Every structure is written in C-alpha cells, then in structure tokens.
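Student: Could you teach me how to read helix packing, empty space and backbone geometry in a model?

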Amino acid sequence: MGGEPLYLEPRLGPRLRSLLESAELLHMLTDALGSPLNLVVPDQIAENLERFRSVYREHHLSGQIFYAHKANRSSALLRRLAATDAGVDVASLGELQHALGAGFTPDRITATGPKNPEFLWLAARTGVTVSVDSASELDQLAALVRAHKLSPVRVLLRLSGFETSGVKVLSRPSRFGTPVGELNLLLKAVERHAGAVDLAGVAYHLDTTSVAEKATALEGCLEALEVCRSRGLRPRAVDIGGGFGVNYLAHGEQWERYTTELTAAVLGRRPSLARGGHGYGLRAESGTVRGSLGLYPAHRPVAGARYLDELLSQPAASLGGRPLAALLLEHLHDLYTEPGRALLDQCGITVAKVLEVRSPDTGAELLVRLALKADDVALEEHGVLMDPVVIPGNGTGPRTKTGGEPVGVHLFGSLCLETDMITRRTVFLPRRPAPGDLMAFANTAGYAMDFHATRAQLQPVAHKAAVWQDGDTWRWCLDDQYWPITPPGEPH
Amino acid sequence: MRYDSITEAIGNTPLVRIDPDVHGLRNIDLYAKLELLNPFGSVKDRAAWNMARPHLTEAVEHGSQVVELSSGNTAKALAVIAGMHGLGFKSVTNRMRVPEIKDLLLLLGAQIEELPGQSECLDPTATDDPLTLFHRNLSASGSAYLHTDQYFNPRNTEAHLTGTGPEIVKDLDGRAPDWFVACVGTAGSSTGVARFLRETDPDVRVLGLVAAKSDFIPGIRTIDEVQEVGLFDPDTYDTMESVSADDAIEGMLALNRRCGILAGPTGGAAYFGAVRHLRQLDAESAERQVAVFIVCDRVESYLSYVRKRRPDLLGRPPRKNSPADLSDAEIRTAPAIGVGDAQAWIATDRPLLVDLRSPYAYAALHIDGSVNIVDELFAELVQGGLPFSRRQPVLLACPVGEQSARYAALLTRMGHPDVRSLAGGIIAWRDAGAPLVRD
C-alpha cells in the first residue's frame, strides 16, 4: 500500500453525523428503496440560509438570497426553502415550473442562464426577475412583453469582463453576460424598451474561487450602477451570483498530507495514488512538477457564508478604499446572492450497497464493487476527493468506530464499462469492507447527487428521500412527498 | 566608492555577526548575509541583473518587454533594470499578496497581470493551466519578450555561485561556514551558494527552509510548491524544515528590534529556522562552529502583512474622543429622531445635516442641503473637540442609523446639547419616500 493510509475524512455536521450513525435506518431504506439512494435533509438548508442571512445582518445589508436550483433538483429542499424568506434562481423552464409549484411567488424568483423562448415567456408572464445575458436577449424579452401585452418585466443586466486599473486580472473569459465595456449599448436597449422592461440592477457570476476577482467584479458593478443612475435610471440591486464554496473535509492536515503525497507520487518518489498513475492535472517534466492540480480545494477554512463575509469586507480601491459592504450600504443598494453548493452544504448523502470485494492476485488494492454508477455520485467528476463512510451490514454503526486493519481500495460501479470507476484514486478505509455493507458518501447534495445521473444500461437512478429529526429519531418520506407541513410539530 | 551605474552596487553585501546574547547559542557564531543592502533592496538584484544583462542589447534593439513570473523582489529588480534601459516590464503572478509590493511595482512602471483563481465548478475537460498558456503566449511567433525565467534559468543560480558564495567565504577568511541556512524561493541563492561552499569544503551542511503548507511567507515556497521549481534539487539540502508565518514574524522582530537589521519576514524566517535548528547542535557539541543565513529583503514592504497577522505589533495609544470608548447603553440611548420628525425639524430649526457616508455614495444620492463628512474624517475631527458650535443643532445621518447613533452619543458626551441621529438612516429616509437628490 506504500506507507501510512491517506485518509480524507468528510466533515460531518451534527445532522449528517447522526444520520450516518443510524445504521438500521440506512439499511432499511436501501433495502426498501434500492441502491443507490439519495437522502436529503431539508432542515439543514434552512439553517444554512440563516448563516447567509446573518452575514447580511452583520453588514446591515438588505436584499435576497436566491438558492441556485441547478445544484439539486430535490423537491423537498426547494419546498423547505419556500417556507423561509429565501428566493430561488432558476436556469430552465422546468426549474421555473418547479419553483412556482413549490410555493415561490414570482417576486422571489430570478431567471438566469441560457433561456429558450418558452422559459423567457413563462418568466415574463409570471413576472419573475430576468437576469439578461445580452442586448439581443433583452430585445427578445421586450418583444414578448409587447406581443403578449404583459406587464413590464424586472431585469438584471448580467455583466462580464471587469477590469481593474493598475493590475490586470487574467480572468477566464465567460460565455455569459455582456462585457462591461458595452454597458452603454445595453443601457440604450433598456431605454428603448422602457415600457417593457424595468431595470432592477446589475449582476455578475464568475466561476472562480478567487475573492480578489469577485471583488473586482463587484466594484465594477457599483460603478455600472452609478452609470445607470447618471442616466436617470433607478436600479437598486447588485446580484453577485454564487460560488462561495464548501469545506468538505474534516481535517486540514489530511488534505495537506494527501496533496503533498500526490506531488511525490507524480514525481515517482512514492507509489501512485491513483489507477494508471493518474495525477489529477499534475505531471512530471524532467524531475519538476508541471500542470496545475485539477482538484476542488476540498479543505477550505473560508467557505460558504464566511466567504461572502470576506468578499464583502474587501476594500474597493477605485471607490476610496472603503469595504464593499459599506459601499453597498451607503449607496442604498440591495445585495442579491445565488449560492447553490454552499446552501446545500451538509444537506444530503448518497448511500450504496457493497456487492463484491475482490482481492487481486497481484496484492494490489482491493476492488470493491458498489450498486451505484460513477454518475450517481459525481464527487470525482467535480474533483472533490472525500472518503466514504462504511456502514457495516450487521447494523452496529459506522465501521470507523470499530477496530481492524486499514485497507486501500478502488471503488468501481455497476456499469459494464472500464471507465465506470467511482474513484480513480486509491481510497483508504479503516478496515476491509464486506458485501452487504453500505458505503455512504457524505455531503453530496450540491452537484454530486443527481447532477450527472443517467439511466444508462437501464440501471436504476437513485431514489431520493427526505429525512428529518423528530426528537431522537429520524423520520423519512419520499422526496416528492415532502412538504414543509409534513414534519410533525409543524402546523397542518 | 564611486560607480558609473547603480548596477555596479549589486553584491558585496556585508556579513554581520548576530550578538550571541540575542540568539543564545554558546558554541556557534551566527552570521547574517545582508542581501537587503543590495541597491534595489533584495537578494534578487543579483539574479535579475545576471539573467537580464546578456540579453539587454538585443532587447533594446527589438524594443522587447521584460517578462517574469514574480510576486515581488525579482519583479522589483527587473522593473528597475528594464526602466534603466528604456524597456517595459511585465510581471505575471497569482502570488502577489502583499499590497505595498504591488503598489511599488506599479510606481516603478511595471505592468502586473494576475492569474485567475481556481475554477469553483471544476471543468474536467480543461486542458491548459494558466501557466501553460503563459508559456505558449511567450513563445508565440512575433512576440518580443525577454523572459528571464527565474525558476529555470541557470544564470539565477550562477549569480550566487560566482557572487554570494565567494563573498561569504572571503568574509570568513577563506573558510566555508559549517552551516548554511537559506529559505527556498526560486532555489537560486540556496543552490548557488551551497554549490560554492561545498566546493570550498565538502562538509558544509545546508538547511533549506520552506513555508508550512497552509501558511504564506512572502518569497518562500511550500514543500509542494518547490517541486514546481526547475532549479530545486532536493540533494542540495541536508535538511529541509518548515517555518510558519508566526515564526517568520518572530524572527523578523528579533532582527529588527534587537540586532538593528531591518529584515523582512523572509529574513526573519531564515533567522528563526537557523536558531531553532542550531540550538540542539549547540547543546550537544562544544566545538566552535560558524553558521550563515541570508537576510533576503527589507521590512518596510511588509507592514500590511504584519498588520494582518499581528495587529498587536502596530498598536497605538488609545485615542481621545473615540466612538470605540462608548458603552452600548450610551449608544442605545443616543438622541435619535425618526424620518417624519426629522423632516419637520429640518423645516423649523434648520439643523446642520451631516451625511457620514463616503463621497461616492453621497454624490450618488443625498438629502438636500446636507454636508458630507465621511465617518473616518469625522472621527479625526472630533478628536480635537466639537467641530461645531453648541448653539447649532446637528442631525447626523448614515446608511442605517448605526454610525450616526455612535457619533450622536459621542458628541452628547462631549457636551453638545442638541445633536440627533437620523433613526434608520438614509435607507429609512428613502423607504419612507422622502426626497433624495443628486446635484
């Protein structure tokens, strides 16, 4: 196995920890609903929302927190949020219908992303706010409003290509949004369509973990709003999108050790950590590491609401160096955010049954086959490295608690394809699993749960159930059966 | 000493003995090689000059831009050298985390490009990392660049093999030290010096210092990051150890305050790492030994770095009339007035209306007739006493009525009889439909 086992233990909040300790329930549910099985924890999303709200409160900011629906299609999570004061950000016709059906009123919905005419019409028809990508989309929206005699639609102008003075940030080009340099053209279109659209504000969403890049964009939006005001328009909101991140791992030291060993493995100084010597983006060139680590920074001390707080605390160089939050407040702007993954932190797990544990003759890692396809739990697809929790078949709680010898395993799935590997890397487990055990992947609700799931080869797609705590016991229902009035104790 | 060009002043830096009372080693003489005394301020002057010099004539002919991946000292030296030759300089980096250095580079005329952060939603199909793209752009046909390539350029190491190393031996009367301690950045100085010292005496032991993985020390790489450096060869070092940012600042303080050496955190890390490592040997051996470490650059550029990690070190005496001294009760009971009453009060008593927001926000929208004194400035003003007559009623306004309540309490405590805070602030004013203007 080559030295000490390299664990990457998941970070577990009290709810997920308690759920994973409920071995009997997890076995009962997988026996009843099949493997794989997705479990979502609606109460957690409300708690996460509250964390974001408290950052707003700390900075005295008003404005809406829109859950980015695309991160998980669960009805239970959406309906639980509908019972709070959150909004939802929808990126397709289906998501818009889902949100309306879950109880979100149009004033709590924004429509973003690439839009087909039906999506745009339903958005305009119901009166949700539309985040407009380009001048041509604005034209298209205005034409719909006029043709169907609809009320003016609130729009946000999605901008991109922000630049700083002094230091140029080489941000990745985005295919979304209008370059901020073309703002005037966009505003001319807004003025042209005055009776059909109502400018609510400006927006950006950058796919980066860099606070500095986002701060630059937010500063650019503040300046853009000033341009709007100087033309007599009265926008109020800045929508800064999401991408606030999740901290997946319990221990920073494990992550640091793992990535160091990965570098050593790429340089050939230790046995490979993955099948076929895969280096996750790193490669060796004459003894030097080249490339960049294509992994999600799985241990992130500053993530979620704390990331938002850090972003809002950045000074705006071109506006006198005051923190961005102070500027938003002083300019009387509302702050809109669209967290997806961060709102889903600790909101769900994916469970699969161990079907087979095979010892190769070569003495290499054990091969563990699960009743699950790689697409059903796409942690690796997103570069999130995190160990599963093994729940033994005898129902005595997670096996991490009991003794036994550590093993290195490769997890593979149920598709008849060489590529159907749940993990390309060697996963270290505290002891050898056995058929009939369950493997639970923690914290999969954001993007990893059903984002990539298919019915390939007529293999089952995971059922989804909502679970909640009633005193000391966990209760459950099918995801689609969950309404915020379902849990006992809630008013019926 | 008379020179024709500032570049002649590069090198020949002093080797200064650290007072044993400071480091506490009984049998080891510890010397600091003061690279901070190079003309552009750091050890990188040597490498920058040695790498650029052979190509300058050609670069001037072609009007090339000097380009380097550098977050600090190499960029600084190259910016100066490029400027002296009428060339432009561009630094590409994602590690420039010290604002003073960024500003200084801009002041020197450098162009800075920052590499983007990691993607939040991983794109498994992405094939190129930003550095690969950078190298591809450099080699694209028709581009005129002088790329000094400090992480791979052997002339970086050579500058120390022929300069820094021989100077140390010369100043130790022809002997190599028993120990050489260096922080590893580009590995140029540690590799070059170590090679020369070992040629003089194969028994020299070399201690390489890297930053603790989760920490950031300017100019030092972490144990993983050194693997990306072409000049890094693990065999150069007898021992590799890591130092934390706190250690670096501790070491820096000792050098600054007790040795009169105005070293930055990298020099501090080298000193701290040296003493920590040598202490054990010192206790075990009675043999007289000599150790040398490198002080890479100066402290002045790192004040914000220190402020962020050790604000206590920059503590100042408490200020008079500070809103920070107010109790919660004082703030809670500060005289306040709601929007409706405030409008009536403004109409009848014409209070002086002070808007505490930033000038940008004020310029965008404000209450008609108000004056703008931004809160930071207001805090300065009241330190010296009441900034307006006691007979003049005052209405303070801020975004939500929180800052204004503090200052209303403070001014009341300072003896103003009629100062009030606009309850709910400008936001309440707006939400009540009261007029805001931009003029």
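Tutor: Here we go through helix pairs, then enclosed space, then the backbone. This is a predicted model, in which local features need pLDDT of at least 70, side-chain atom pairs count only at pLDDT 80 or more, and totals for chains, interfaces and linings use all residues. Residues are numbered from 1 along each chain as its sequence is written, chains are lettered from A and ligands numbered from 1 in the order in which they are written, and side-chain values use heavy atoms, leaving out hydrogens and water.

Student: How are α4(A) and α5(A) packed, and at what angle?

Tutor: Two packed helices are described by the angle between their axes and the distance between the axes. Axes are lines fitted to C-alpha atoms, for helices over the stretch in contact, with angles running from 0 to 180 degrees between N-to-C directions. Helices (H or I, at least four residues) and strands (E, at least two) are DSSP runs, numbered from the N terminus. Here α4 (residues 75-82) and α5 (residues 93-102) of chain A pack at about 50°, with axes 9 Å apart. Angles under 35 degrees count as roughly parallel, over 145 as roughly antiparallel, 65 to 115 as roughly perpendicular and the rest as oblique. α4(A) and α5(A) are therefore oblique to each other.

Student: Which residues of α4(A) and α5(A) meet?

Tutor: With contact meaning heavy atoms within 4.5 Å, Ser75(A), Leu78(A), Arg79(A) and Ala82(A) of α4(A) meet His98(A), Ala99(A) and Ala102(A) of α5(A). That contact of α4(A) with α5(A) has 4 nonpolar, 2 polar and 1 charged residues (Ala, Val, Leu, Ile, Met, Phe, Trp, Tyr, Cys and Pro count as nonpolar, Asp, Glu, Lys and Arg as charged, and the others, Gly among them, as polar).

Student: And what is the angle between α7(A) and α8(A)?

Tutor: Helices α7 (residues 135-147) and α8 (residues 183-192) of chain A pack at about 5°, with their axes 10 Å apart. They are therefore roughly parallel to each other. Ala135(A), Leu138(A), Asp139(A) and Arg146(A) of α7(A) make the contact with Leu186(A), Ala189(A), Val190(A) and Arg192(A) of α8(A). By class, the contact of α7(A) with α8(A) has 5 nonpolar, no polar and 3 charged residues.

Student: Now the empty space: how many cavities of 30 Å³ or more are there?

Tutor: Rolling a probe the size of a water molecule over the atoms shows where empty space is left. On a 1 Å grid over the protein atoms alone, a cavity is a set of points where a 1.4 Å probe fits but cannot get out, a pocket is an open set with protein on both sides within 12 Å along at least five of seven lines, and lining residues have an atom within 4 Å of a point. Grid points are joined across faces, edges and corners, and a volume is the space filled by probe spheres set on the points. The structure holds 5 such cavities. About 290 Å³ lies in the largest cavity, which is lined by 24 residues, with Ser71(B), Gly72(B), Asn73(B), Pro218(B) and Gly219(B) nearest its centre.

Student: Which residues lie nearest the centre of the second largest pocket?

Tutor: Arg322(A), Ala326(A), Leu329(A), Asp375(B) and Gln403(B) do, out of 18 lining residues. The second largest pocket has about 410 Å³ of space, and α12(A) gives the largest share of its lining, 4 residues.

Student: Where is Pro36(A)?

Tutor: Most residues other than glycine have a negative phi, and most peptide bonds are trans. The bond from Ser35(A) to Pro36(A) is cis, with omega near 0°, and Pro36(A) sits in the loop between α2 (23-33) and β1 (37-40) of chain A. Asn443(A) has a positive phi, near 60°.
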